[in-house]
Amino acid sequence: MQKRNLSLIVALTIAGIAVPARALTQDELVAKLPAAGYADAAAVQTPAAQTLRGVVDRVDERNDALLIRLSAGRTKPFRVQDGLIFNAVRFGDPVEISVQTISGFPTIVGLTKQ
C-alpha cells in the first residue's frame with residue numbers, strides 16, 4: 001500500500017496539489033486528486049517493452065550499443081541498458097531482445113540468446 005500511496009503523492013505533486021506533511025490515507029490522497037491529474041500520473045509510468053528477434057550484427061561497447069539485424073537488409077542500432085550484455089553476445093548470435101524507448105532512444109532492457 002505504501003508504494004501506491006507514493007505514486008498518488010507523485011501524481012498530486014505533478015498536478016500542483018499540496019500534500020500535507022502528515023501521512024494521508026489512500027482514500028484521502030485519491031480524494032485530493034483530480035480525475036485528469038491521475039490519468040496524467042499513470043502516463044508517467046514506464047512503457048511496456050517490445051520484444052524483437054534478430055541476429056547480432058555488431059557489438060559497439062564504446063557507444064553502449066548493439067547493431068541487430070532484424071531481417072534481411074534491415075539492421076537497427078539499440079542502446080544497451082546493462083553493460084554486462086556485452087559479455088553475453090558475439091557477432092552472429094541469434095537473440096530475442098526486449099526494447100523500451102528510454103530518453104528518446106530504443107534501449108535493450110532484456111536479452112536472451114536463442
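How many aromatic pairs does the count come to in this structure? The count comes to zero aromatic pairs, where two rings would have to have their centres within 6.5 Å to be paired. The model discussed here is a predicted one, and the sections below move from its overall make-up to its barrel, its loops and its core.

## Overall make-up

The secondary structure of the protein consists of four helices and five strands, and when these elements are read along the sequence they follow the pattern α-α-α-β-β-β-α-β-β. Of the 114 residues in the protein, 26% are buried. Among the contacts with a separation of 6 or more, 41% are accounted for by residues 24 or more positions apart.

## The barrel

The five strands form a closed barrel that runs S1-S2-S3-S5-S4, with mixed pairing. From one strand to the next, the twist averages 55°. As a general matter, strands of a sheet pair through backbone hydrogen bonds, and they do so in either a parallel or an antiparallel sense.

Strand S1, which covers residues 50-60, pairs with S4 in the antiparallel sense over six bridges, and within this pairing Thr-51 stands opposite Ser-98 of S4. Ser-98 also has a bridge partner in S5, namely Gly-110. The antiparallel pairing to which that bridge belongs joins S4 (residues 94-102) to S5 (residues 105-113) through eight bridges.

S1 is also joined to strand S2 (residues 65-71), by five bridges and with the two strands running antiparallel; here the bridge partner of Asp-60 is Ala-65 in S2. S2 in turn pairs with strand S3 (residues 74-80) over six bridges, again in the antiparallel sense, and in S3 the bridge partner of Ile-68 is Lys-76. Strand S2 is largely enclosed by the rest of the structure, because five of its seven residues are buried.

## Turns between the strands

The hairpin of S1 and S2 has four residues between the strands, and in it Asp-64 takes a positive phi near 50°. In the hairpin of S2 and S3, which has two residues between the strands, a positive phi near 75° belongs to Gly-73. Most residues other than glycine have a negative phi, and Asp-64 is a residue other than glycine with a positive value. With a relative accessible area of 42%, Asp-64 is partly exposed, since that category lies between the cut-offs of 20% and 50%.

A positive phi in a residue other than glycine is also found at Ser-103, where the value is near 55°. Ser-103 lies in the loop between S4 and S5, and this residue counts as exposed because its relative accessibility is 67%.

## The nonpolar core

In soluble globular proteins, nonpolar side chains tend to be buried together. In this model the largest nonpolar core has 14 residues, and those with the most contacts inside it are Leu-66, Ile-68, Phe-78 and Ile-97. At least two residues of this core are supplied by each of S1, S2, S3, helix H4 (85-88) and S4.

Ile-68, already met as the bridge partner of Lys-76, offers a view of these surroundings. When residues up to four places away in sequence are not counted, Ile-68 touches a set of residues that includes Gly-54, Val-55, Val-56, Asp-57, Phe-78, Val-95 and Ile-97. Of these, Phe-78 and Ile-97 are also named among the core residues with the most contacts.

## Around strand S5

Which residue has its face covered by Arg-79? Arg-79 lies over the face of Phe-105, at 3.7 Å from the ring centre.

Is Thr-107, a residue of strand S5, buried or exposed? Thr-107 counts as buried, because its relative accessibility is 6% and the cut-off for burial is under 20%. Leaving aside neighbours within four places in sequence, Thr-107 is in contact with Arg-79, Val-80, Gln-81, Ser-98, Val-99, Gln-100 and Ile-102. One of these contacts, Arg-79, is the residue that lies over the face of Phe-105, while another, Ser-98, is the bridge partner of Gly-110.

Conventions:
Residues are numbered from 1 along each chain as its sequence is written. This is a predicted model: local features need pLDDT of at least 70, side-chain atom pairs count only at pLDDT 80 or more; totals for chains, interfaces and linings use all residues. Side-chain values use heavy atoms; hydrogens and water are left out. Rings of Phe, Tyr and Trp (its six-membered ring) pair if their centres lie within 6.5 Å; planes under 30 degrees apart count as stacked, over 60 as edge-to-face and the rest as tilted. A charge sits over a ring if NZ of Lys or CZ of Arg is within 6 Å of the ring centre and within 35 degrees of the ring normal. Two strands pair if DSSP finds at least two bridges between them. Axes are lines fitted to C-alpha atoms, for helices over the stretch in contact, and angles run from 0 to 180 degrees between N-to-C directions. Buried means under 20% relative accessible area, exposed over 50%, partly exposed in between (1.4 Å probe, protein chains only). A nonpolar core is a set of buried Ala, Val, Leu, Ile, Met, Phe, Trp, Tyr and Cys residues joined through side-chain atoms within 4.5 Å. Contact means heavy atoms within 4.5 Å.
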